Each structure stands twice: as C-alpha cells, then as structure tokens.
Amino acid sequence: MNKRKNSNQTAGNITTGSCACGNVRFQITGELRDVVNCHCDPCRRWTGHFMAGTSAQIENFFFESDSTLTWWERTKEVKYGFCSNCGSSLFWEDRGRTESRAITAGVLDPPTGLKTVLNIFSNLASDYHHLDEAIKTTLGDLPEDKKADRSN
Ligand SMILES: [Zn+2]
Ligand SMILES: [Zn+2]
C-alpha cells in the first residue's frame with residue numbers, strides 16, 4: 001500500500017515531505033486541506049513570517065524518520081512541531097481537533113497540487129507584510145465549519 005519509491009513527489013494519493021536536513025521525513029495518504037495562511041502572533045514568530053498551513057488526518061501519517069521531531073507546547077491546547085537539528089517548522093496540533101495535524105505547506109515535496117485559499121488573523125500580520133488580496137481574508141480564526149480537514 002505504501003508507495004515508498006515515489007518519495008520525491010505526490011504520487012497518486014501519497015504526499016511526501018521533510019525538514020531541511022532530512023532527519024524528519026514523512027508520508028501522508030489521502031486528501032490534504034487547501035492552504036490557509038495564518039498570520040496570528042505565535043505563527044508569525046514561529047515561522048518567521050506566517051504559517052502557510054495545510055492539514056491532514058493524523059492516522060494518515062507515516063514517518064520514515066522522526067528522531068529529531070520536537071514539540072513546543074505553546075499552551076495546554078496547541079503545540080508546534082519542528083526539527084531540533086535544522087529548525088524547520090513542520091507541524092501544528094490543537095487538542096480540540098485531535099484527529100488532524102496542520103503541516104507547513106513548504107515542507108511538502110512539490111508539486112503539492114494544493115491551492116492557497118484564505119488568510120486568517122489578518123489583523124495580526126506585521127506592518128511590513130503585504131497581504132495577498134487575491135484570496136479571502138478574515139480577521140480571526142477559521143470559521144467553525146472550515147476547521148474540518150477536508151477542503152470542502
Ligand atoms: Zn531537520
Ligand atoms: Zn496561527
């Protein structure tokens with residue numbers, strides 16, 4: 001079932017990704033949500049800009065290597081996953097959404113086939129940043145009905 005040979009690109013329903021040094025490598029089967037840009041304060045600082053995040057079901061992840069995957073428990077509710085060797089920003093999880101894991105879209109091996117569809121917490125983007133006006137923008141969090149993992 002796992003098509004590990006195709007580790008460089010999306011092949012069928014397998015998406016692959018890794019951190020910059022390659023110590024964290026993973027595969028995801030099935031659908032990924034379209035990309036949402038989160039400009040909230042912790043995402044801005046943690047990524048150095050904003051989080052362009054897609055999302056998938058946790059049960060659909062397979063880690064080829066995760067020895068340096070480290071979690072920053074920002075609050076009791078949310079945590080951010082990164083590589084402790086190279087520092088790549090990788091994942092985000094919310095304990096209120098236990099079945100899904102957000103993934104920084106830039107760590108996926110292209111082509112991802114994903115589209116960027118929404119800016120959230122746009123009021124918290126820094127003043128240097130020019131928001132992409134071609135996509136929808138909200139001041140706060142994702143609408144409740146969009147918090148699900150699927151793109152529709
Ligand atoms: Zn790394
Ligand atoms: Zn955020």
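In what order do the 3 strands of the open sheet run? The legends below start there, and the model they describe is predicted.

**View 1. An open sheet built from 3 strands.**
Follow the strands across and you'll read β1-β2-β5, with antiparallel pairing. At the edges stand β1 (14-18) and β5 (61-66); each has a single partner strand, so one side of each has no neighbour in the sheet. Going from one strand to the next, the twist averages 15°.

**View 2. Where β2 meets β5.**
Here's the antiparallel pair up close: β2 covers residues 24-29, and 5 bridges link this strand with β5. For a spot to look at, try Arg25, which sits opposite Ser65 in β5.

**View 3. The largest nonpolar core, with 26 residues.**
Three members touch the most others in this core: Cys38, Leu90 and Ile103. Several strands chip in at least two residues each, namely β2, β3 (35-38), β4 (51-57), β7 (78-83), β8 (89-94) and β9 (100-104). In soluble globular proteins, nonpolar side chains tend to be buried together.

**View 4. Leu90 and its contacts.**
Skip the neighbours within four places in sequence, and Leu90 still contacts Cys19, Val24, Gly81, Phe82, Cys83, Ile103, Thr104 and Val107.

**View 5. Stepping back to the protein chain.**
You can count 1 helix and 11 strands here. Starting at the N terminus, the elements go β-β-β-α-β-β-β-β-β-β-β-β. Of the 152 residues, 30% are buried. Now take the contacts between residues at least 6 apart in sequence: 56% of them join residues at least 24 apart.

Notes
Residues are numbered from 1 along each chain as its sequence is written. Chains are lettered from A and ligands numbered from 1 in the order in which they are written. This is a predicted model: local features need pLDDT of at least 70, side-chain atom pairs count only at pLDDT 80 or more; totals for chains, interfaces and linings use all residues. Two strands pair if DSSP finds at least two bridges between them. Helices (H or I, at least four residues) and strands (E, at least two) are DSSP runs, numbered from the N terminus. Axes are lines fitted to C-alpha atoms, for helices over the stretch in contact, and angles run from 0 to 180 degrees between N-to-C directions. A residue is buried if 20 or more other C-beta atoms lie within 10 Å of its own, exposed if 12 or fewer, and partly exposed in between; C-beta atoms are placed from the backbone. Two residues are in contact if their C-beta atoms, placed from the backbone, lie within 7 Å. A nonpolar core is a set of buried Ala, Val, Leu, Ile, Met, Phe, Trp, Tyr and Cys residues joined through C-beta atoms within 7 Å.
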